[in-house]
Amino acid sequence: MLQILPLPGDGPPREAARPGRRPLYGVAVSRAIEQRAAATLPPHTLMQRAGMAVARLARAWQPHARRVGVIAGAGNNGGDGWYAAALLHRHLADVPGAAVCVWAPGGVQRLPADARWAYEAAVAAGVRTVDTPPDDAELLVDAVFGLGLARPVEGVWRDTLRWLHAQATPTLCVDLPSGLDADTGRWWVDAPVAPRGDRLTLSLLTLKPGLFTGMGRAAAGEAIWFDDLGVPADDAPTAWLQTTAAWPDGAALRRAHASHKGSRGDVLVIGGQSPGAGAGVGMGGAALLAGRAALRAGAGRVYVGLLAEARDLPPCDPVQPALMLRTAAAALGSELPQRAVVVAGCGGGDAIHAHLTDLLARCPRLVLDADALNALGPIAAPSASCPDVWRERHTRGWWTVLTPHPLEAARLLGTDVAQVQADRPGAARTLAKRLNATVVLKGSGSVTAAPGVTPIINGGGDGALATAGTGDVLAGLIGARLAALDATSPADTAAAVADAVAAHGDLVRHWTSPWPPTATDLIA
Ligand SMILES: NC(=O)C1=CN([C@@H]2O[C@H](COP(=O)(O)OP(=O)(O)OC[C@H]3O[C@@H](n4cnc5c(N)ncnc54)[C@H](OP(=O)(O)O)[C@@H]3O)[C@@H](O)[C@H]2O)[C@@H](O)CC1
Ligand SMILES: Nc1ncnc2c1ncn2[C@@H]1O[C@H](COP(=O)(O)OP(=O)(O)O)[C@@H](O)[C@H]1O
């Protein structure tokens with residue numbers, strides 16, 4: 001489970017602008033905060049505090065570890081490791097058989113000033129340096145790369161990280177797991193494989209966006225700890241981390257005594273291609289999942305317009321008979337598209353293509369998912385007619401939410417999955433800007449972006465969601481959340497969408513069965 005915890009004694013976390021959020025700072029802002037603080041503090045204070053924080057967490061996490069191996073890089077991340085080694089060495093001085101060593105594969109000739117000071121402190125304390133990997137360590141401290149990594153890792157450093165990532169030994173990562181890009185969550189090591197073993201990451205000074213999206217969660221380990229090194233930061237965040245879901249609020253719905261089903265908002269799902277309409281490929285379940293999720297999340301009335309002939313419609317959904325089933329053609333021919341939040345594309349197959357123009361032209365509140373996204377085609381293509389439609393929607397004050405997974409995002413951007421995953425916040429922002437839309441780029445650390453709005457990265461959810469149909473559930477939740485929304489500013493829409501994404505992640509937070517949940521289980 002993800003925990004973002006201040007270290008003991010650090011006091012409560014500072015207030016974020018909205019409940020359940022924390023600010024994330026990328027490399028540029030983190031460096032500016034660091035420089036500002038360094039200018040007002042005695043020399044090396046920040047590195048001293050960083051080393052102390054690392055040593056303190058190492059002792060708290062692995063109090064019985066006697067042999068500690070620090071792997072130090074050639075920059076200030078390595079410096080944090082050197083200073084932590086000095087403190088741990090002192091702490092373990094009287095423990096029989098204890099030893100702290102530092103392996104610095106790049107040598108110490110070119111250390112920057114702070115790191116040199118830390119190195120000298122370690123040498124003065126009697127810390128041993130070694131020329132080979134510390135194979136017998138009971139605790140490893142990963143101080144190879146931090147904020148300074150922004151290019152592929154090669155040569156001796158690649159070998160170092162390969163060794164480090166293959167160890168089953170508990171590993172405390174200093175500031176960032178080495179190999180991770182702080183801004184994007186990109187993994188700069190050639191194999192996209194998550195490191196093994198028990199791991200913790202202690203983020204220093206600021207929490208970075210890359211820790212929570214892309215490879216961040218997989219590489220950072222069981223928990224991400226945070227120490228602000230005593231430096232307050234009220235700079236504009238690079239992104240927000242959504243840590244808790246403030247929605248749905250079942251109690252509030254119950255307290256709304258004067259409410260009725262119409263006041264909770266309507267959702268219309270369009271999708272679920274029938275086998276007849278799709279050359280033997282039926283996907284009705286996807287639309288039903290979205291509809292059930294919308295109902296479960298509190299929408300007052302949920303309609304499901306199936307991409308099927310009337311004669312092929314089931315009489316009802318036996319799991320949720322409250323869903324109102326009809327054909328997509330009947331639903332789209334009624335007044336529903338104007339009144340309801342329309343969630344289109346779940347299980348839409350090829351059949352959704354025929355309705356795309358209608359959907360964009362007639363639905364003021366539209367969520368496009370799955371095959372509806374594929375039907376849009378690359379938005380970058382100069383010949384695409386979509387941009388005009390999008391401009392028109394924007395001019396009318398209509399809003400659109402797109403929920404691509406990385407492959408769908410790659411199709412929309414005319415690129416490939418690797419490019420999308422290399423900069424998930426950037427990909428979400430680009431799409432949002434091109435289409436004047438709110439975009440949720442799904443996957444580990446879903447990113448919600450909208451024009452002019454700070455992106456929101458979801459801190460919840462985990463690998464249990466990597467199963468078919470969970471995206472349909474998310475689309476339904478977003479529909480329900482938006483159906484209950486009065487305000488329509490981009491920031492409010494993005495916040496509401498991020499609420500639904502967080503609630504979706506929370507569906508697996510308390511899952512205790514050894515069997516992973518299916519999409520149906522999530523909303524049972
Ligand atoms: N100063 C302070 O008081 C504080 C500092 N803090 C700590 O400092 C960290 C930032 O330190 P940093 O800026 O020195 O960057 P860092 O992550 O050590 O990497 C730079 C080194 O890596 C090398 N390198 C990079 N990429 C590479 C590659 N692909 N392959 C091979 N080499 C590569 C690069 O080499 P170069 O590019 O120069 O060739 C250089 O040697 C921050 O994360 C935090 O831990 C905080 O505790 C706050 C207080
Ligand atoms: N490893 C993961 N960690 C967190 N969330 C995940 C992970 N894998 C998938 N998810 C979430 O599960 C959902 C899957 O959606 P999608 O890929 O569209 O599936 P489908 O189309 O089968 O419904 C998304 O909300 C995504 O963010």
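# A guided look at a sheet, its helices and two ligands

Eleven strands form an open sheet in the order 2-10-19-18-17-16-15-14-11-12-13, and their pairing is mixed. The two edges of this sheet are strand 2 (21-24) and strand 13 (324-327), each of which pairs on one side only. From one strand to the next, the twist averages 20°. Keep in mind as you explore that this is a predicted model. Below you will find the sheet edge, three helix pairs, two ligand sites and two backbone details.

**At one edge of the sheet**

- Edge strand 13 runs parallel to strand 12 (residues 301-306), and four bridges join the two.
- To find one of these partnerships in the structure, look for G305, whose bridge partner in strand 13 is R326.

**Helix 2 and helix 3, and the site of ligand 1**

- The axes of helix 2 and helix 3 come within 8 Å of each other and cross at roughly 55°.
- That angle makes helix 2 oblique to helix 3, and the crossing is right-handed.
- On the helix 2 side, the contact is made by M47, Q48, A50, G51, M52, V54, A55, A58 and R59.
- Helix 3 answers with N76, G79, D80, Y83, A84, L87, L88 and H91.
- Sorted by class, the contact of helix 2 with helix 3 has ten nonpolar, five polar and two charged residues.
- Ligand 1 has 26 residues around it, and A50, G75, N76, G146 and G148 come nearest.
- Two elements give two or more residues to this shell: helix 2 (45-61) and helix 3 (76-91).
- Helix 3 gives the most to the shell around ligand 1, with four residues.
- By class, the shell around ligand 1 divides into 14 nonpolar, seven polar and five charged residues.
- Two names are worth a second look: A50 and N76 are among the residues nearest to ligand 1, and they also take part in the contact between helix 2 and helix 3.

**Helix 8 and helix 17, and the site of ligand 2**

- Helix 8 (residues 284-296) and helix 17 have axes that come within 7 Å and cross at roughly 40°.
- Helix 8 is therefore oblique to helix 17, and this crossing is right-handed.
- From helix 8, the residues that meet helix 17 are A286, L289, A290, G291, R292, A293 and A294.
- Their counterparts in helix 17 are D472, V473, A475, G476, L477, G479 and A480.
- Nine nonpolar, three polar and two charged residues make up the contact of helix 8 with helix 17.
- Around ligand 2 there are 18 residues, and the closest are K442, G461, L465, A466 and G471.
- Helix 17 (residues 470-483) supplies the largest share of this shell, four residues.
- The shell around ligand 2 consists of five nonpolar, ten polar and three charged residues.
- Helix 17 is thus a good element to follow by eye: it meets helix 8, and it gives four residues to the shell around ligand 2.

**Helix 14 and helix 16**

- Helix 14 (residues 406-413) packs against helix 16 (residues 424-435) at an angle of about 50°, with the axes 11 Å apart.
- These two helices are therefore oblique to each other, and their crossing is left-handed.
- Helix 14 makes the contact through A409, L412 and L413, while helix 16 uses A427, T430 and L431.
- Five of the residues in this contact are nonpolar, one is polar and none is charged.

**Two backbone details to look for**

- Most residues other than glycine have a negative phi, and most peptide bonds are trans.
- H44 has a positive phi of about 70° although it is not a glycine.
- You can find H44 in the loop between helix 1 (27-40) and helix 2.
- The peptide bond that joins W247 and P248 is cis, with omega about 0°.
- P248 sits in the loop between strand 10 (239-242) and helix 7 (250-255).

Methods:
Residues are numbered from 1 along each chain as its sequence is written. Chains are lettered from A and ligands numbered from 1 in the order in which they are written. This is a predicted model: local features need pLDDT of at least 70, side-chain atom pairs count only at pLDDT 80 or more; totals for chains, interfaces and linings use all residues. A residue is near a molecule or strand if its C-beta atom, placed from the backbone, lies within 6 Å of it. Ala, Val, Leu, Ile, Met, Phe, Trp, Tyr, Cys and Pro count as nonpolar, Asp, Glu, Lys and Arg as charged, and the others, Gly among them, as polar. Two strands pair if DSSP finds at least two bridges between them. Axes are lines fitted to C-alpha atoms, for helices over the stretch in contact, and angles run from 0 to 180 degrees between N-to-C directions. Angles under 35 degrees count as roughly parallel, over 145 as roughly antiparallel, 65 to 115 as roughly perpendicular and the rest as oblique. A crossing is left-handed if the near helix is turned anticlockwise from the far one by less than a right angle, and right-handed if clockwise. Two residues are in contact if their C-beta atoms, placed from the backbone, lie within 7 Å.
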